[in-house]
There are 2 protein chains.
Amino acid sequence: MNHPLRASQDAFGAFVPGAPVHVTGAASGPLAGRGFAAKDLFDIAGLVTGCGNPDWAASHAPAVAHADAVQALLDAGATLVGRSITDEISLGLLGRNQFHGTPVNPRAPERLPGGSSSGSAAAVAGRLADLALGTDSGGSVRVPASFCGLYGMRPTHGRISVRGLMTQSPSFDTVGLFAREPTLLATGYSLLLDDKSATAPVEQLLIAWDAFAISDAAVQDALRPAVARLKAVFPATEITLSEEGLPIWAERQRRLQQHEFGHTFRAWIDAYNPRFSFEVGRSLAMAALVAEEDLSAERAFRADVRAKILGRLDGRRLLCLPTTPILPPARGIPLSAMAEAGRRITELTGIAGLTGLPQISLPLGETGDGIPVGLSLIGWPGADEVLLKTAQALQAG
Amino acid sequence: MNHPLRASQDAFGAFVPGAPVHVTGAASGPLAGRGFAAKDLFDIAGLVTGCGNPDWAASHAPAVAHADAVQALLDAGATLVGRSITDEISLGLLGRNQFHGTPVNPRAPERLPGGSSSGSAAAVAGRLADLALGTDSGGSVRVPASFCGLYGMRPTHGRISVRGLMTQSPSFDTVGLFAREPTLLATGYSLLLDDKSATAPVEQLLIAWDAFAISDAAVQDALRPAVARLKAVFPATEITLSEEGLPIWAERQRRLQQHEFGHTFRAWIDAYNPRFSFEVGRSLAMAALVAEEDLSAERAFRADVRAKILGRLDGRRLLCLPTTPILPPARGIPLSAMAEAGRRITELTGIAGLTGLPQISLPLGETGDGIPVGLSLIGWPGADEVLLKTAQALQAG
């Protein structure tokens, strides 16, 4: 199908069509000489933040200031080299955008890049940028990191300012970064994270047996060597993470998130009747129904799951699982297959969303024909720095 | 909001943006010298039928032949002067299109033109064309006829060929015409209708009390003189049309229609994930759910309603009711108000949809400040010519 509004400016279709975006950073600092991209949800002073949808852009005024996260990277000497494509209003896990085009996955060009921070991942994997800002509410940093073979982290909920960006589901939304190597990722996060660091040593690795079991054989096979490496570094034990079953957790996560973004977008949709791809419009239509419901039982469930996992991690254990249970799907799959892929991905990415815990995706797996497969570590609240250090240690080791 | 694809070519924004469409008709015939417009659902040989949605256009091939209805008017000497805007894939009753723009209602420029045959009505009311082809599944000819002050008829279901046009709900879809005066409308229909005419005399007028009662006071007031005129021409009696209540009938009609268009569009949506306004995307998302249900109870209900009304009309009585229970809404109303307006309109337009009966909307009412209000007559199966003759007699009288 034609996409009349698409006009890719770069080799990977990673940046939003239109005039190039470039903001020079401070003359010196820990990121001097580095280029970064920012997802089209982050404010850049003087420009309209488009959020992946032309009707959002047309109904919003230019930003008066940079988003906090953008400002922090600029202040550290990095230069903003592009505004990266997002799934429409950040709703999506596969990286398709019917208005701006779907970025190319530089590591697997026939497959989807993952979303919603699709352009950020494509820009870093395609070496258009060294770092890229994304957001992760239900998996939007972790999934494209895994699909594009990058380091990417969802931080502890609340540890990075969301000021100056389009938020969708306040109790789920986080700001995340992508990089090709873990030391630069850690430097970037050190400029964004608040000071509540808790760098206890990791005493044990809990391997979530049920998370591996629901993953495709290709994912399990690709991750086997990396898991063996981890077991050589940390004492490890296999556990069953979810008594109720990960699909049940995912369903609760999805409903709670729908409830929140149903509220977030309701007034705007009512005023403007915006255009969306069918996939996103359907998601918003269902969310509008959920937004009217009383989800107190789901909230109690969420608190219970969080308490259980916190007990298991106990400030000294990490959880190990595949980032996604599937390989990146082919670019041309029908909507029904996209919906099924999204449902399955949420069975794993929903865990950190539901609990607010930090999760890093490590590009340590690969299929026989070179398709990247991410391995994830989930830490206790505030263990972001621990996860980043672990990533560096694994790379060095 | 900007509509980047909109580029009106005419004073009323009635025609689809793009290259002008013009097909000269036969040298002579009953419509020689007349210009007509065709809704963007009707095939025109060599062109892609866009159906009000750019992703429909991008995913379909050019038509190889004119639609039967277009060919019939061309053969009668009329010239096709434009392709008129439709609500996206014909789903809508108010005439808004977020891709092609919303045509202006020439009789009430601050108000909506009605839909889905919005551009056809605007073209005729704005004197860009003498006649215009539309379609009517749930009210899409009758509503814009009423809102724009035109004669417009939904024919008996099945009496006009739908070959060469995008159909949505086969057991509801009909082809209709608009005109500014009833004699030309009758000439046009004489070229389209099959030969099953049943021109019995009208013995009585049944005034649907409940249809007037649920209409706004402004509609009731505007129609009072016209109803008095009708009562002077025909013996009349007031009846309560629906024991169950017209809202119940409308709900059944809506579910049956959703069931059908849910099936119609399913494969295309799954393959292309097209872009829609939220209003239309939501409608399609809900329809996809209904398409999976067993509606045998609703079908039995429909047969029962039809049998009851046929008994009352008995091949010699006409039913009189407002075309819509509301005035044309203001152009800028929010989506929630649009949904409510659509729901209320269907309480009256759903009657003919549910029963397959012919209904003509007569531009015989007007508010104090000149807003058109249509009065409708519903006839028995095949009474299309009777309705057209009645319209001419009333105009003459």
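In this predicted model, strand β9 (residues 317-322) of chain A is paired with strand β11 (residues 372-378) of chain A in the antiparallel sense, over 4 bridges. Within that pairing, Leu319(A) has Ile378(A) of β11(A) opposite it. Both strands belong to an open sheet of 10 strands in chain A, and the points below follow that sheet, the domains of chain A, a helix pair and the contact between the two chains.

**The sheet of chain A**

- The strand order of this open sheet is β2-β1-β3-β5-β4-β10-β11-β9-β6-β7 (chain A), and its pairing is mixed.
- Because β2 (79-84) and β7 (236-239) of chain A are the edge strands and each has a single partner strand, one side of each remains without a neighbour in the sheet.
- From one strand to the next, the twist averages 25 degrees.
- Strand β6 (residues 204-208) of chain A runs parallel to β9(A), to which it is joined by 4 bridges, and Leu205(A) has Leu318(A) in β9(A) as its bridge partner.
- β6(A) also pairs with β7(A), again in the parallel sense and over 4 bridges, with Leu206(A) standing opposite Thr237(A) of β7(A).
- Helix α3 (residues 118-125) of chain A lies across four strands, β1 (35-39), β2, β3 (131-136) and β5 (174-179) of chain A, and runs at about 155 degrees to β3(A).

**The sheet of chain B**

- In chain B, too, 10 strands form an open sheet with mixed pairing, in the order β2-β1-β3-β5-β4-β10-β11-β9-β6-β7.
- The edges are taken by β2 (79-84) and β7 (236-239) of chain B, each with a single partner strand, so one side of each has no neighbour in the sheet.
- Neighbouring strands of this sheet are turned against each other by 25 degrees on average, direction ignored.
- Strand β3 (residues 131-136) of chain B and strand β5 (residues 174-179) of chain B form an antiparallel pair over 6 bridges, in which Gly134(B) has Gly176(B) of β5(B) as its bridge partner.
- Helix α12 (residues 384-396) of chain B lies across β4 (151-154), β10 (359-366) and β11 (372-378) of chain B, and the helix runs at about 20 degrees to β10(B).

**Domains of chain A**

- Chain A is divided into domain 1 (35-192) and domain 2 (204-396), whose C-alpha centres lie 18 Å apart.
- Between these domains of chain A, 49 residues of domain 1 are in contact with 49 residues of domain 2.
- On the side of domain 1 of chain A that touches domain 2 of chain A, at least two residues each come from α1 (54-58), α4 (142-148), β4 (151-154) and α5 (182-192) of chain A, and α4(A) gives the most, with 6 residues.
- By residue class, that side of domain 1 of chain A divides into 21 nonpolar, 19 polar and 9 charged residues.

**Packing of α8 and α9 in chain A**

- Helix α8 (residues 246-272) of chain A packs with helix α9 (residues 278-290) of chain A at an angle of about 105 degrees, and their axes are 7 Å apart.
- α8(A) and α9(A) are therefore roughly perpendicular to each other.
- Among the residues that make this contact are Arg255(A), Phe261(A), Phe265(A) and Ile269(A) of α8(A), together with Leu284(A), Met286(A) and Val290(A) of α9(A).
- The residues of the contact of α8(A) with α9(A) comprise 8 nonpolar, 3 polar and 2 charged.

**Contact between chains A and B**

- Chain A is superposed on chain B by a rotation of 180 degrees with 0.0 Å of shift along its axis, at an RMSD of 0.0 Å, which is the relation of a two-fold axis.
- Contacts link 26 residues of chain A with 26 residues of chain B.
- The copies meet through the same surface, because 100% of the interface residues of chain A are also interface residues in chain B.
- On the side of chain A that touches chain B, α1, α8, β8 (275-277), α9 and α11 (335-355) of chain A each supply at least two residues, and the largest share, 6 residues, comes from α9(A).
- That side of chain A divides into 14 nonpolar, 7 polar and 5 charged residues.
- β8(A) pairs across the chains with strand β8 (residues 275-277) of chain B in the antiparallel sense, over 3 bridges, and the bridge partner of Ser277(A) in β8(B) is Arg275(B).

Notes: Residues numbered from 1 in each chain as written. Chains lettered and ligands numbered in written order. Predicted model: local features only at pLDDT ≥ 70, side-chain atom pairs only at ≥ 80, totals over all residues. Domains from an automatic or database assignment. Contact = placed C-beta atoms within 7 Å. Nonpolar A, V, L, I, M, F, W, Y, C, P; charged D, E, K, R; others polar. Axes fitted to C-alpha atoms, helices over the stretch in contact; angles between N-to-C directions. Parallel < 35°, antiparallel > 145°, perpendicular 65-115°, else oblique. Least-squares fit on C-alpha atoms with pLDDT ≥ 70 in both. Pairing = 2+ DSSP bridges.
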